[in-house]
Amino acid sequence: MRDVAVIGAGCTTFGEKWNTSFRNLFVEAGILALEDAGVAGEQIDGLYVGNMSAGRFVEQEHIGALIADYAGLASHHIPATRVEAACASGGLSFRQAVIAVASGMEDIVVAAGVEKMTDVASGASVDTLAGAADREWEGFVGATFPGLYAMIATDYMNRYPLTREQLAQVAVKNHFNGARNPIAQFQQEITLDTVLRSSLVADPLRLFDCSPITDGAAAVVLAPLDRAREFTDTPVKVLASAQASDTITLHDRRDISTLDATVAAGRRAFGLAGLSTADIDLVEVHDCFTIAEICAIEDLGFCRKGEAGRLTAEGVTALNGDIPVNTSGGLKACGHPVGATGIKQVFEVVQQLRGEAGRRQIDGAAIGMTHNVGGTGATVAVHILGV
Amino acid sequence: MSVARFWRKIPQRYNLIGTTCTTCGRYFFPPRSFCPDCRRAGNVVDYKFSGKGTVITHTVIRTASEQFEQMTPYVLAIVKLDEGPRITAQLVCAPDEVRIGMRVRPVFRKIAADGDSGVIYYGTKYAPAE
């Protein structure tokens, strides 16, 4: 197995991008990444695209070839592959690209993620996202995604001392970070009151506990580490790539409040990298809902079960805390174009490790982690990157 | 949902027909045809669940997908059936009535419909048992 490096990264702004089509979102991110890497289109050996549901959102399948075509690569006939695992599609796309380079099958590889979610009405997008859970035995009876995570929150708050205010602080902290990220969908700080007075979506989760509906795309370029210096002075090494799965339904999990796939992928990643939580300078976790960030911090091993709410309230996960979590603003404030999120997490860590994160820069950041979840935890991808 | 896709699950949705593995005694709802514990040594046969169970966790859905928009707010819960399996289901009770640990029993109800003239989907909801 060869060592792999990220040699370039690009991301569109995230938001409700009415003027931009699905294919143009990808092209914009792809060009940014290639320009950043100093790579020309004809040098690309392979393309992986994470996308959850272009079929439902824009009635388009066969995404791999479409994307390669509009990236101007049709005449090069490169292998172009779509990767799907609901909201973890981006994380898995990155992992497939890492595997391709590590194996020696391909050298210069683009890993991308794209989702265009605002071309359907809100009810239709809720229904499409519900397909990330079990359609027959969760969606059929009226379970929504906020509803499933709300049931995690109910179980968690019944067993551990998590207060409603501590949960809200996750959103307040992520909006603070998002306000310092020029690609974020929401670049406004909020207060605890903003969260606590927002409308209930699925008790106890309110509107400001939930990540938004977002359009966006992100792309990174990978190369073997021993060739990375041909393209960039600031390669970012892939120290670990791990993936795990679990039951598709929430109700079949061993423990409703623990994402065992996060635990498994996290342990594998730390094992592969020979690192522990103490080595991580920042982590991008999958905060599709505020309760998801609480669970992620604990399940990755940064603290014991039941402690993440208190640590969040104490500022431990803030930009200037011991474990900065979601410096990009997370899914909550940066936005959550589902297939693009896993790649955006890598984009954020790459920016931080290169010292290019501007007003949200973590001083001296050398090792960062990404954590991308599909569904309520049936798929998890964890990556560790370092300089 | 196509008629066939709904129709083939009527035994489960109307009458709670699941399965059990006679090798290890584990129960499955929704039914599985392959026992994850015994694997190829398993022997999986049909089993009719009583439907009695206990609420493990719950929420009140206030923003729903298109098919359920007119029914909000409604109570959604994970129920642990007495035989062991857990299921996700709607509860037929007021939002402030649901509690963790609440005993429930199955009731036959309309779940959703495909528009004004499409298939009506029936199935099982749960009501407070006491």
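Helices (H or I, at least four residues) and strands (E, at least two) are DSSP runs, numbered from the N terminus. This is a predicted model, where local features need pLDDT of at least 70, side-chain atom pairs count only at pLDDT 80 or more, and totals for chains, interfaces and linings use all residues. Residues are numbered from 1 along each chain as its sequence is written, while chains are lettered from A and ligands numbered from 1 in the order in which they are written.

**Exercise 1.** Place Ala86(A) and decide whether it is buried or exposed.

*Solution.* Start with the location: Ala86(A) sits in the loop between strand 3 (80-83) and helix 4 (89-103) of chain A. Next, check the backbone: phi is positive, about 55 degrees, although Ala86(A) is not a glycine. Now for the cut-offs: buried takes 20 or more other C-beta atoms within 10 Å of a residue's own, exposed 12 or fewer, and partly exposed is in between, with C-beta atoms placed from the backbone. Ala86(A) has 22 C-beta neighbours inside 10 Å, so it counts as buried.

**Exercise 2.** Do the same for Arg39(B): buried or exposed?

*Solution.* Arg39(B) is in the loop between strand 2 (27-28) and strand 3 (44-48) of chain B. Its phi is positive too, about 50 degrees, and Arg39(B) is not a glycine. With 9 C-beta neighbours inside 10 Å, Arg39(B) counts as exposed.

**Exercise 3.** Find which residue Pro204(A) is joined to by a cis peptide bond.

*Solution.* The partner is Asp203(A), and omega is about 5 degrees. Pro204(A) itself lies in the loop between strand 5 and strand 6 (205-206) of chain A.
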